[in-house]
Amino acid sequence: MADYHRVHPVIVGSPIPAQEQANKDKQPPSATHGDKPLLPVTAPPPYAPAPLRAPRRKRHSRCCRCVCWTLMVLIVLVIALGATAGILYAVFRPKIPTFNVETLTVTRFDVNTTSMTVTDAFEVQVTAENPNRRIGVYYDGGEVTTFFNGTELCSGAFPALYQGHRTTVRPLITLQGETRLDSAVAAQLVQQQQAGFVPLTVNARVPIRIKFGALKLWKMTGKARCDLVVDSLQAGTQLRIRSNSCSFRLKVV
């Protein structure tokens, strides 16, 4: 045990022990560059692949799918509505009702020359004909107005009623009004009455519903216009209608 901890001095210039010389000879010679030793060449570390990221969900793909589905639904609805309308048209053969002013009676027509005011009342009998075989018409009220050269004279309500297929209705409509005329319109009115040719326009705006068998469609607006020429506006007389031209059209609300 005493020999294990003993320090053996080494004398400079003394020969290297045989065991140490053998270990030294086994070591590979180090590369040198002149008098300076070169650093040992080390192999590059192995390539480490980047960590894979979880794929992100593409929001635009969701939007594209939603848009495509919406367009497909709309196209299917349009095709279904078109097919339904075509079938209904082929089965029922719808025709637009016709309107006409049959009689026009003046019950009051007073002209105040001082204030240039006209107070009048008319009774208009309208003829409405439904030429369809399987289609009924519901009239949900409405308004009728009479004009002279663009100036409103009087107005009234169109009655609510139902018109069956291939029938004719003749509602009697009462119109009343009080209008202030300018000098030019008043002069035209007097001149036209003296000549016996008074132009009047009767407009009607009536909400209606079309009935196909047991099916009642959505509400539409019927617009009628009748351009008349009467002989006078004398109160208490049934006017003579010299000219009568009427038109009617439907507009989907």
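Start with the aromatic rings of this predicted model, where a search of the whole structure turns up five aromatic pairs. Select F99 and F248 to begin with: the ring centres are 4.7 Å apart and the planes meet at 25°, and because planes under 30 degrees apart count as stacked, this pair is stacked. If you colour the strands, you will find F99 in strand 3 (residues 98–112) and F248 in strand 14 (residues 241–252), so the pair ties together parts that are 149 residues apart in sequence. Are these two rings buried or exposed? F99 has a relative accessible area of 10% and is buried, and F248, at 16% relative accessibility, counts as buried too.

Next, select Y138 and Y162, which form a tilted aromatic pair with 4.5 Å from centre to centre and 45° between the planes. This pair also links distant parts of the chain, since Y138 belongs to strand 5 (residues 135–139) and Y162 to strand 8 (residues 161–163), 24 residues apart. Y138 is partly exposed, with a relative accessible area of 22%, and Y162 is likewise partly exposed, at 38%. Keep Y138 on display and add K216, whose charged end sits over the ring of Y138 at 4.2 Å from its centre. Another arrangement of this kind can be seen by selecting R242 and F197, where R242 lies over the face of F197, at 4.5 Å from the ring centre.

Now return to F99 and F248 and add Y139 and F158, because these four residues form one aromatic cluster. From Y139 you can step to Q163, whose side chain makes a polar contact of 2.7 Å with the side chain of Y139. Q163 lies in strand 8 and is buried, with a relative accessible area of 0%. Leaving aside residues up to four places away in sequence, the residues that Q163 touches include A128, E129, N130, G136 and V137, as well as T168 and V169.

The tour moves on to helix 3. Select residues 183–195, the 13 residues of helix 3, which at 1.5 Å a residue should span 18 Å, and check the end C-alpha atoms, which are 18 Å apart, in agreement with that expectation. Within helix 3, highlight V185, A186 and L189, which are buried. When you look down the axis of helix 3, its buried residues fall within an arc of 100°, so they line one face of the helix. Those buried residues pack against strand 3, strand 6 (143–148), strand 7 (151–157) and strand 11 (198–212). On the face of helix 3 turned away from its buried side, you will find the exposed residues S183, Q191 and Q194. Just after helix 3 comes G196, whose phi is positive, near 80°.

Two last stops concern the backbone. Most residues other than glycine have a negative phi. Which value does M116 have instead? Its phi is near 55°, a positive value in a residue other than glycine, and M116 is found in the loop between strand 3 and strand 4 (117–130), where it is partly exposed at 26% relative accessibility. Finally, select R166, whose phi is also positive and near 55°; R166 sits in the loop between strand 8 and strand 9 (167–169), and it is exposed, with a relative accessible area of 57%.

Technical notes: Residues numbered from 1 in each chain as written. Predicted model: local features only at pLDDT ≥ 70, side-chain atom pairs only at ≥ 80, totals over all residues. Heavy atoms only, no water. Phe/Tyr/Trp six-rings, centres within 6.5 Å; stacked < 30°, edge-to-face > 60°. Helix = DSSP H or I, 4+ residues; strand = E, 2+ residues; numbered from the N terminus. Buried < 20%, exposed > 50% of the residue type's maximum accessible area, 1.4 Å probe, protein only. Lys NZ or Arg CZ within 6 Å of the ring centre and 35° of its normal. Polar contact = N/O pair within 3.5 Å; in protein donor to acceptor, adjacent residues only side chain to side chain. Contact = heavy atoms within 4.5 Å. Expected span 1.5 Å × (residues − 1). Arc of directions from axis to C-beta.
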